[in-house]
Amino acid sequence: MTAPSIQRPRSSLTVGEIAATLPGATAVFRKYGLDFCCKGNIPLVDSARLRGVDLAEIEQALASLDAPAAAMEAPSDTAALIAYIRRRYHDVHRRELPELIKLASKVEKVHADHAKVPRGLADLLERMARELDLHMMKEEVMLFPAMAAAPIGLLAAPIACMRHEHDDHGLLLQRLETITDRFTVPRGACRSWQALYAGACKLADDLMEHIHLENNVLFPRFSQSSVTR
Ligand SMILES: [Fe+2]
Ligand SMILES: [Fe+2]
């Protein structure tokens, strides 16, 4: 992936570029609600304006990450990066989603009369689990093995298809945030409800990081001839 020029002001870089090159930036973007995965191609200045948040505050938070102590979050070697994505995200989604579905079903049933019950959350999580499982299987069975062998440029079509599916996942994430009021647990909520929203928030964080690593770090390595694999 081509590193963004240091001559450009950070606000003109896309959120995807910043997320891919500045360790810790993804946590800042999540805090301010900026979409750095599916909408990673939008410049920071526009992304902040769309979300209605203060650009200067975000830039200050990003500047504080520039300390050399910050470590890269993912391997730079492509084979190691793919193994990392599978282990850290694919396996974790598959492990955690079934439990979240059970918790959501329980909370919806037990608190059916509560004004803030997350109605439809179990169905939404089941849909996410189904679609994610199919998507990850395509990556594991077809795309990732092909990346080990195919010349750069040959994978444009399957990568475009995966990006499209990531956009669909992004829409489901938006619904997840809406149904849970951005994972805000109502006062006096039971332990199950608290655990459900904590788990759903982690799922959202993980899925955004997962999509970001593929859209902004892994896939560009197969669409730019200048990149060394
Ligand atoms: Fe993936
Ligand atoms: Fe993916």
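These are my notebook entries on a predicted model of one protein chain with iron ions bound to it.

**Entry 1: the fold**

I began with the secondary structure and counted eight helices and zero strands in the chain, so that reading along the sequence gives the pattern α-α-α-α-α-α-α-α. I then looked up burial, and found that buried residues make up 46% of the 229 residues. For contacts between residues at least 6 apart in sequence, I noted that 74% join residues at least 24 apart.

**Entry 2: the nonpolar cores**

Which residues have the most contacts inside the largest nonpolar core? I found F29, I58, L62, L125, M128, L176 and L196, in a core of 45 residues. I traced this core back to the helices, and α1 (15-21), α2 (25-32), α3 (44-51), α4 (55-63), α5 (78-110), α6 (121-147), α7 (156-179) and α8 (191-218) each supply at least two of its residues. The largest share comes from α8, with nine residues. Apart from this core I noted another one, of 18 residues, which includes F144, I159, V217 and L218.

I picked L125 for a closer look, leaving out residues up to four places away in sequence, and found that it touches L97, L100, I101, A104, L176, L196 and L203.

**Entry 3: the first iron ion**

What coordinates the iron ion (ligand 1)? I listed H90 and H210, each through NE2, and E139 and E214, each through OE, at 1.9 to 2.2 Å. Along the chain these donors follow the spacing H-x48-E-x70-H-x3-E. The site links distant parts of the chain, since H90 is in helix α5 and H210 is in helix α8, 120 residues apart. I also checked burial here, and both H90 and H210 are buried.

Why is the arrangement around the iron ion (ligand 1) irregular? The four donor atoms subtend angles of 90 to 163°, and a tetrahedral site would need all angles between 85 and 135 degrees, so this one does not count as tetrahedral.

**Entry 4: the second iron ion**

For the iron ion (ligand 2), I found the protein donors H135 (NE2), E139 (OE), H166 (NE2) and E214 (OE), lying 2.0 to 2.1 Å from the ion. Their spacing along the chain is H-x3-E-x26-H-x47-E. The arrangement is again irregular, because the four donor atoms around the iron ion (ligand 2) subtend angles of 86 to 173°.

I noted that H135 and E139 both lie in helix α6, four residues apart, which is about one turn of the helix. Are these two residues buried or exposed? With buried taken as under 20% relative accessible area, H135 counts as buried because its relative accessibility is 1%, and E139 counts as buried because its value is 0%.

I then looked at how the two sites are joined, and found that E139 bridges the iron ion (ligand 1) and the iron ion (ligand 2), which lie 3.2 Å apart.

**Entry 5: the largest pocket**

Last, I looked up the largest pocket, which has a volume of about 490 Å³. How many residues line it, and which are the closest to its centre? I counted 22 lining residues, of which G33, L34, D35, R51 and M208 are the closest to the centre. When I assigned the lining to helices, I found that α2, α3, α7 and α8 each supply at least two residues.

Methods
Residues are numbered from 1 along each chain as its sequence is written. Chains are lettered from A and ligands numbered from 1 in the order in which they are written. This is a predicted model: local features need pLDDT of at least 70, side-chain atom pairs count only at pLDDT 80 or more; totals for chains, interfaces and linings use all residues. Side-chain values use heavy atoms; hydrogens and water are left out. A nonpolar core is a set of buried Ala, Val, Leu, Ile, Met, Phe, Trp, Tyr and Cys residues joined through side-chain atoms within 4.5 Å. Buried means under 20% relative accessible area, exposed over 50%, partly exposed in between (1.4 Å probe, protein chains only). Contact means heavy atoms within 4.5 Å. Donors are N, O and S atoms within 2.8 Å of the metal (3.2 Å for Na, K and Ca); water is not among the atoms, so sites may look incomplete. Four donors count as tetrahedral if all angles lie between 85 and 135 degrees; four count as square planar and six as octahedral if opposite donors are over 155 degrees apart and all others between 65 and 115; anything else is irregular. On a 1 Å grid over the protein atoms alone, a cavity is a set of points where a 1.4 Å probe fits but cannot get out, and a pocket is an open set with protein on both sides within 12 Å along at least five of seven lines; lining residues have an atom within 4 Å of a point. Grid points are joined across faces, edges and corners, and a volume is the space filled by probe spheres set on the points.
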